[in-house]
Amino acid sequence: MVFTEKFYTVPEAAEQVRLSPWTIWDLLKRGELVRTKIAGKTFVRESELQKLIVDTVNPVTRERRQRAAKAAR
């Protein structure tokens with residue numbers, strides 16, 4: 001199986017969504033973005049950035065995702 005999803009470093013992810021790297025780190029810390037660790041380094045999947053964009057456009061989706069995350073804890 002070949003994976004075609006892109007992985008971005010935090011600075012690259014920030015550039016893709018036009019936010020600061022500090023904002024990306026904050027979103028990772030709060031669990032609003034899911035990090036992927038590879039060899040001890042943090043990466044963000046392209047699909048996570050797409051979710052972030054959808055959640056920004058549709059705040060209801062973001063609230064549902066946050067409630068689901070809290071319920072899963």
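This report describes a predicted model, taking in turn its sheet, its helix packing and its largest pocket.

## The sheet

The three strands of the model form an open sheet in the order S1-S3-S2, and their pairing is antiparallel. Strand S1, residues 7-8, and strand S2, residues 35-38, occupy the edges with a single partner strand each, so one side of each of them has no neighbour in the sheet.

On one side of the sheet, S1 is joined to strand S3, residues 41-45, by 2 bridges, and the two strands run antiparallel. Within this pairing, Phe7 has Arg45 as its bridge partner in S3, while Tyr8 stands opposite Val44 of that strand.

S2 and S3 also run antiparallel, and here 4 bridges make the connection. Among the facing residues of this pair, Thr36 stands opposite Phe43 in S3, and Lys37 stands opposite Thr42 in S3. The hairpin formed by S2 and S3 has 2 residues between the strands, and in this hairpin Ala39 takes a positive phi near 50°.

## Packing of helices H1 and H2

Helix H1, which covers residues 10-17, packs with helix H2, which covers residues 21-30, at an angle of about 105°, and the axes of the two helices are 8 Å apart. Angles of 65 to 115 degrees count as roughly perpendicular, and H1 and H2 are therefore roughly perpendicular to each other.

Which residues of H1 and H2 meet? From H1 the contact draws on Val10, Pro11, Ala14 and Val17, and these meet Pro21, Ile24, Trp25 and Leu28 of H2. In terms of residue class, the contact of H1 with H2 consists of 8 nonpolar residues, with no polar and no charged residues taking part.

## H2 against the sheet

Returning to the sheet, S1 and S2 stand at its edges. H2 packs on this sheet, where the helix touches both S2 and S3, and the direction of H2 makes about 90° with that of S3.

## The largest pocket

The largest pocket of the model has a volume of about 310 Å³. Its lining comprises 14 residues, and those that lie nearest the centre of the pocket are Gly31, Glu32, Arg65, Gln66 and Ala69.

Helix H3, residues 46-57, and helix H4, residues 59-72, each supply at least two residues of this lining, and the largest share, 5 residues, comes from H4. How does the lining of the largest pocket divide into nonpolar, polar and charged residues, and what are the counts? The division is into 3 nonpolar, 2 polar and 9 charged residues, whereas the contact of H1 with H2 contains no charged residues.

How values were computed. Residues are numbered from 1 along each chain as its sequence is written. This is a predicted model: local features need pLDDT of at least 70, side-chain atom pairs count only at pLDDT 80 or more; totals for chains, interfaces and linings use all residues. Side-chain values use heavy atoms; hydrogens and water are left out. Axes are lines fitted to C-alpha atoms, for helices over the stretch in contact, and angles run from 0 to 180 degrees between N-to-C directions. Angles under 35 degrees count as roughly parallel, over 145 as roughly antiparallel, 65 to 115 as roughly perpendicular and the rest as oblique. Contact means heavy atoms within 4.5 Å. Ala, Val, Leu, Ile, Met, Phe, Trp, Tyr, Cys and Pro count as nonpolar, Asp, Glu, Lys and Arg as charged, and the others, Gly among them, as polar. On a 1 Å grid over the protein atoms alone, a cavity is a set of points where a 1.4 Å probe fits but cannot get out, and a pocket is an open set with protein on both sides within 12 Å along at least five of seven lines; lining residues have an atom within 4 Å of a point. Grid points are joined across faces, edges and corners, and a volume is the space filled by probe spheres set on the points. Two strands pair if DSSP finds at least two bridges between them.
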